[in-house]
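Notebook open, coffee poured. Today I'm poking around one structure and jotting down what I look up as I go.

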Amino acid sequence: LSFSIWCTCASKVLSHHTAQAFVTPVFPLTSSHKPLQSKLFAATISDGAETSNDFSHSDVEWRLRPPEGTSWLDRLKIKMGANILRLHGKLKGDQLPPVLCPRGGRALLEAYYKEPGQRKKKIARFGFTYARGPSSPEIDITIRETYNINPPPLSASIAAIIYMYVEPDYRGRNVGALALEVISAIQSVHVVDFNVLVADDNGSGGLVQWYEEHGYTKAPLMQNTLGSPNKRNGVAMIAPVKIEEGFFRQCAIKW
């Protein structure tokens, strides 16, 4: 393969955090921005207790894909670029990054599971951003009041969960909680500080409570910033991005 072909294909794929200068933030956090809604409905996660049927990362195959709406041609280019990077790393003996997100700031995380004696199938999908989006005065105040830290004005980097969906047959089995861990790990690789979302449970409170149990905090000052004034589209929430040491040794992500 010629160097020019390699460069053309590889440019369609975003590398890990050392390539942050080439990432364009996907969303400005303004009052005119579309709401960032989560769609993992409250009824699917009302029971937060772990059971013997809960999934662990060893049960799930995670795949990182371009977001919905990506053309088939761009998908092909991204796949080719990823394969070329893998081949180049293998030939050179270079260690590949644990995750490699498609350029553009948004990605789709898919969960696959194989029932005994059956073919592997997709059981969940999650839309999120990983680019280091800008903060806002409301987010700065929320960070200061919630976490007792005082970053320089507008310096915190922000990403978002856009939606979460688990197939009905697999709800209540810890898939959503595992996905939050994977998304946070990916965002951590891209040097994101905080994750935000809008939890819409039609006022039942169940989904908001589920997110609170998994590290999120209500952020009333951010309602307008996230496009949900007066909780019109749900409750604004925030959580620090984090990753456990050795996470990618126990959780492999295909890209």
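**Cysteines.** I started with Cys101, in a predicted model. Cys101 has 0% relative accessibility, so I log it as buried. Next I pulled up Cys251, which sits at 1% relative accessibility and therefore goes down as buried too. Then I looked for disulfides, and the structure holds 0 of them. Note to self on what I was looking for: a disulfide is a covalent bond between the sulfur atoms of two cysteines.

**Salt bridges.** How many salt bridges does the count come to? I get 4 by the distance rule. The reason to look at all is that side chains of opposite charge can pair when their charged atoms come close.

I took Glu61 as my way in. Its side chain meets that of Arg63 in a salt bridge, at 2.5 Å from N to O. Both Glu61 and Arg63 are buried. Glu61 also forms a salt bridge with Lys120, and there the closest N and O atoms are 2.6 Å apart. Glu61 belongs to strand E2 (residues 61-65) and Lys120 to strand E4 (residues 120-129), so this pair ties together parts that are 59 residues apart in sequence.

Is each end of that second pair buried or partly exposed? Glu61 comes out at 13% relative accessibility, and because the cut-off for buried is under 20%, I call Glu61 buried. Lys120 comes out at 39%, so I put Lys120 down as partly exposed.

Next pair: Glu110 and Lys122 form a salt bridge, with 3.4 Å between the closest N and O atoms. This pair links distant parts of the chain, with Glu110 in strand E3 (residues 106-114) and Lys122 in strand E4, 12 residues apart. I checked the cover on both ends here as well. Glu110 has a relative accessible area of 8%, so I have it as buried. Lys122 has 38%, so I have it as partly exposed. I also traced shared partners: salt bridges join Glu61, Arg63, Lys120 and Lys254 into one network.

**Helix H4.** I ran the length check on H4 (residues 175-189). The helix has 15 residues and reaches 21 Å from its first C-alpha to its last, close to the 21 Å expected at 1.5 Å a residue. Why do I write that H4 is largely enclosed by the rest of the structure? Because 13 of its 15 residues are buried. I also glanced at the backbone just after H4, where Val191 takes a positive phi of about 60°.

**Asn233.** I found Asn233 in the loop between strand E7 (217-218) and strand E8 (235-240). Asn233 has a relative accessible area of 17%, so I count this loop residue as buried. I then took the C-alpha to C-alpha distance from Asn233 to Asp201: 9.2 Å in space, with their positions 32 residues apart in sequence.

**Nonpolar patch.** Which residues form a nonpolar patch on the surface? I list Trp72, Leu73, Leu76 and Met80, with about 430 Å² of accessible area together. I singled out Leu76, which is in helix H2 (residues 72-92). At 40% relative accessibility, Leu76 counts as partly exposed.

Key. Residues are numbered from 1 along each chain as its sequence is written. This is a predicted model: local features need pLDDT of at least 70, side-chain atom pairs count only at pLDDT 80 or more; totals for chains, interfaces and linings use all residues. Side-chain values use heavy atoms; hydrogens and water are left out. Helices (H or I, at least four residues) and strands (E, at least two) are DSSP runs, numbered from the N terminus. The expected span of a helix is 1.5 Å times one less than its number of residues. Buried means under 20% relative accessible area, exposed over 50%, partly exposed in between (1.4 Å probe, protein chains only). A disulfide is a pair of cysteine sulfur atoms within 2.5 Å. Patches are made of residues with over 30% relative accessible area and no salt bridge: like charges are joined within 9 Å, nonpolar side chains (Val, Leu, Ile, Met, Phe, Trp, Tyr) within 5 Å. Accessible areas come from the Shrake-Rupley method with a 1.4 Å probe; for residues, only the protein chains shown count as cover.
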